[in-house]
Amino acid sequence: MTGPRSSGAVAAETGLRLVDRESKPSGTIVEVGGVRIGGRTVVVMAGPCAVESREQLLATATAVQKSGATILRGGAFKPRTSPYAFQGLKEEGLELLEWVRCETGLPIVTEVMDTRKVEEVSAHADMLQVGSRHMHSYPLLEEVGKSGMPVLLKRGMSATLDEFLFAAEYVLKQGNERVVLCERGIRSFDQSTRNTLDLNAVPILKRHTHLPVIVDPSHGTGHAWMVPFLSRAAVAVGADGLLIEVHCDPEHALSDGPQSLTPDGFDAMMQELRPVATAIGRDISARRR
Ligand code: PEP
Ligand code: MN
């Protein structure tokens, strides 16, 4: 890759070491509550953008699990553009996530935004999400590294792939190799979608790092109707998993409704994805009866 790695003697000292594919050609499998990310199976993480209530979370979790999702997503601490927008249920959201994990057996991924909250979120979650807005927060990267928890690291919305890999390097430098990278769309001049999903990132990242790479077409497009198309493309291009927002009543969602699939829409998408995975020698968890 171009960038700091290939520019001279100083770069050789400050370049990527631990995330580099050469340091581990076989690739890393990150295990989250018994689910293996980075192997043959494409792992689908799904759930609401934000945890809103016990009923909402349980209904969504049961539905996505039935369709083949194996990890539940749901934000308890939400990074919102406006300080007046719903900020998440916070501690109560963490309790609800844990309760739903007990009910369904689904491992939980949820965002942590603040170094002071890493311990608390780790006590409730199975995987810590570092969101796009915090990919450059080096103290947070170090803290999630020290936690030893699996980390879902989302690409900063204006981050180059070098910067993204260096962010992961911060986590690994703390002795924590359990990092999954997530492409979630980048800002571009085009206003027809919320972001531009950069699927170039998948083969490039997989070529340069041993870490698993997943794709979030919900934030990558901002439109629920586009999510199935980009999910298929992500699987075809070699993603190790998908992160999908699902809401039982998207019109009334407290966050990211326009990009959230309904449970039925999610189920239909999952059925369409399986033949795509099979075509490239992979699989996706089966639907439950
Ligand atoms: C999210 O996953 O709901 C989220 C806030 O994502 P991002 O950090 O990619 O915007
Ligand atoms: Mn969201």
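**Exercise 1. Contacts of ligand 1**

How far is an oxygen atom of ligand 1 from an N or O atom in the side chain of Lys78? Work in this predicted model, then look for further polar side-chain atoms beside ligand 1.

*Solution.*
Step 1. Take Lys78. An N or O atom of its side chain is 2.9 Å from an oxygen atom of ligand 1.
Step 2. Apply the cut-off. A polar contact is a pair of N or O atoms within 3.5 Å, so the Lys78 pair qualifies.
Step 3. Go to Lys154. One of its polar side-chain atoms is 2.9 Å from a ligand 1 oxygen.
Step 4. Go to Glu245. Here a polar side-chain atom lies 3.2 Å from an oxygen atom of ligand 1.
Step 5. Check the cover. Ligand 1 on its own has 290 Å² of accessible area, and the protein covers 97% of it.

**Exercise 2. The shell and the site**

Describe the residues around ligand 1 by number and class, and say where the ligand sits.

*Solution.*
Step 1. Count the shell. Ligand 1 is surrounded by 13 residues.
Step 2. Pick out the closest. They are Arg73, Lys78, Ser132, Arg133 and Arg184.
Step 3. Sort the shell by class. Seven residues are charged, four are polar and two are nonpolar.
Step 4. Place the ligand. The largest pocket holds ligand 1.

**Exercise 3. Asp20**

Is Asp20 buried or exposed? Find its place in the chain and a partner for its side chain.

*Solution.*
Step 1. Locate Asp20. The loop that contains it runs between α1 (8–14) and β1 (30–32).
Step 2. Read its accessibility. The relative accessible area of Asp20 is 8%.
Step 3. Compare with the cut-off. Buried means under 20%, so Asp20 is buried.
Step 4. Find the partner. A polar side-chain atom of Asp20 lies 3.1 Å from the backbone nitrogen of Glu22.

**Exercise 4. Val213 and Cys49**

Place each residue, classify its burial, and set one sequence separation beside one distance in space.

*Solution.*
Step 1. Locate Val213. It belongs to strand β9 (residues 213–215).
Step 2. Classify Val213. Its relative accessible area is 0%, so it counts as buried.
Step 3. Pair Val213 with Gly238. They are 25 residues apart in sequence, and their C-alpha atoms are 8.5 Å apart.
Step 4. Locate Cys49. It lies in the loop between β3 (41–47) and α2 (54–67).
Step 5. Classify Cys49. Relative accessibility is 3%, so Cys49 is buried.
Step 6. Pair Cys49 with Ala61. Twelve residues separate them along the chain, and 12 Å separates their C-alpha atoms.

Key
Residues numbered from 1 in each chain as written. Chains lettered and ligands numbered in written order. Predicted model: local features only at pLDDT ≥ 70, side-chain atom pairs only at ≥ 80, totals over all residues. Heavy atoms only, no water. Near = heavy atom within 4 Å. Polar contact = N/O pair within 3.5 Å; in protein donor to acceptor, adjacent residues only side chain to side chain. Areas by Shrake-Rupley, 256 points an atom, 1.4 Å probe, with all protein chains shown as cover. 1 Å grid on protein atoms, 1.4 Å probe; cavity = no way out; pocket = protein on both sides within 12 Å on 5 of 7 lines; lining within 4 Å. Sits in = over half its atoms within 2 Å of the grid points. Nonpolar A, V, L, I, M, F, W, Y, C, P; charged D, E, K, R; others polar. Helix = DSSP H or I, 4+ residues; strand = E, 2+ residues; numbered from the N terminus. Buried < 20%, exposed > 50% of the residue type's maximum accessible area, 1.4 Å probe, protein only.
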